[in-house]
Amino acid sequence: MAVLLTGGTGYIGSHTAVELINAGYGVVIADDLSNSEESVVDRIRMITGTAPVFYRADVKDRSKLEKIFAENDIEAVIHFAGFKAVGESVSEPLMYYRNNLDSALSVLETMKERGCTRFIFSSSATVYGMHNQVPFREDMPRSSTNPYGSTKLMIEMIMEDLCTADPSFCCVALRYFNPVGAHPSGLIGEKPSGVPNNLTPYIQQVASGIREKLYVFGDDYDTPDGTGVRDYIHVTDLAAGHLAAMKYSSDSRGFTAVNLGTGRGYSVLEMVRAFEKVNGVKIPYEISPRRPGDIASCYADVTKARELFGWEAGKGLEDMLRDAWNWERNRTASE
Ligand code: UD1
């Protein structure tokens, strides 16, 4: 028996592969390598002692999926594959809808045909939209402000409708808050292409001298220091949340959505100061205008994850930022 990870050589997928292999699961990865590298497969082996089975495959291609299901005994799918850059989704909406919706539909259709009924999906806190009050709870109304967020929301709706129509399915939407850090080995982590969109990858590149300074997007929000507050979670804690969801899905049915965060928010300036303190590097910054679409505060109510999964995040900001910097140095040294 094995778990299929679509997008499994990516940032969150690779850490989840490590977590699953360490817990004794067989892991099969399908990834088209559009935003990751095949060397990650070997790095997973270096960390765990076991290489996952790897297919270079675009999961929109049903024939490739059929082959993977025919050659492996797939008990569940964790679906990470998808485009994830908010700004790009605004300028290329059709590409985002085609890719993200088609991938999810193609995976679910193949699963249904094969009688594989456990589906875990990389959703996002972005589905809480602009109008809810923090902390965000799973039963709050959902909305989206950009095509990327709309694909997350639509896929959640597809999962709900499927579970209503076919009660043998168990579909879990994991709503990620802000994953940061890397595996403590420094062998796997996030590898942004081009200018990073997200805060910590940008800070890492300022620390390593690739970028001159950080632009802090707004200091006039209704938060303690005026800068945006987010719920940063160590990527290995997030990966452990997937393992907990796997266990939950073995004897549950129907649709459920679960927040994966720490329940604690930090501001942009708190992140900058913490990075400087933990790693002993200076991060020059400049206050710049707000980024369109940003909200002041975003953090999770983590009660449901604790109650349903018996899972909670264990690592703090220091671990996240130390491991992020360790990965950045390893990565840039090996390039
Ligand atoms: C962003 C996306 C969100 C997506 C998530 C995936 C937007 C508006 N939101 O979330 O939909 O699910 O990434 O990881 O893009 N910041 C700076 N300077 C920077 C970068 C960020 O000040 O160079 C600030 C932001 O204004 C924000 C915080 O840092 O307050 C975190 O930003 P980011 O890492 O981009 O995450 P989100 O905006 O939470």
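This report describes two sheets, a helix packed on one of them, and the surroundings of a ligand in a predicted model.

## The seven-stranded sheet

Seven strands make up an open sheet with parallel pairing, and their order is β3-β2-β1-β4-β5-β6-β11. The edges are taken by β3, residues 53-56, and β11, residues 254-260. Each of these two has a single partner strand, so one side of each is left without a neighbour in the sheet. On average, and with direction ignored, neighbouring strands of this sheet are turned by 20 degrees against each other.

One pairing within the sheet can be followed in detail. Strand β1 covers residues 2-6 and strand β2 covers residues 26-31; the two run parallel and are joined by five bridges. For T6, the bridge partner in β2 is A30.

## A helix on the sheet

Helix α6, which spans residues 147-165, packs on the seven-stranded sheet. The strands that α6 touches are β5 (118-124), β6 (170-176) and β11. The direction of α6 makes about 155 degrees with that of β5. Of the strands touched, β11 is also an edge strand of the sheet.

## The ligand and its shell

The ligand is surrounded by 19 residues, and the closest are L199, Y215, R230, R291 and D294. By class, the shell holds 10 nonpolar residues, six polar ones and three charged ones. Two elements, α7 (199-207) and β8 (214-217), each contribute at least two residues to the shell. The largest share, four residues, is supplied by β8.

Several polar atoms of the protein lie at short listed distances from the ligand. A polar backbone atom of Y215 is 2.7 Å from a nitrogen atom of the ligand. Oxygen atoms of the ligand are approached by side chains: a polar side-chain atom of R291 lies 2.8 Å from an oxygen atom, and a polar side-chain atom of D294 lies 2.6 Å from an oxygen atom. The ligand taken alone exposes 740 Å², of which the protein buries 87%.

## The three-stranded sheet

A further open sheet has three strands in the order β12-β9-β14, and its pairing is mixed. Its edge strands are β12, residues 266-267, and β14, residues 297-298, each pairing on one side only.

Strand β9, residues 229-230, pairs with β14 in the parallel sense over two bridges. Within this pairing, R230 stands opposite C298 of β14. R230 is also listed among the closest residues to the ligand.

Terms used:
Residues numbered from 1 in each chain as written. Predicted model: local features only at pLDDT ≥ 70, side-chain atom pairs only at ≥ 80, totals over all residues. Heavy atoms only, no water. Pairing = 2+ DSSP bridges. Axes fitted to C-alpha atoms, helices over the stretch in contact; angles between N-to-C directions. Contact = heavy atoms within 4.5 Å. Near = heavy atom within 4 Å. Polar contact = N/O pair within 3.5 Å; in protein donor to acceptor, adjacent residues only side chain to side chain. Areas by Shrake-Rupley, 256 points an atom, 1.4 Å probe, with all protein chains shown as cover. Nonpolar A, V, L, I, M, F, W, Y, C, P; charged D, E, K, R; others polar.
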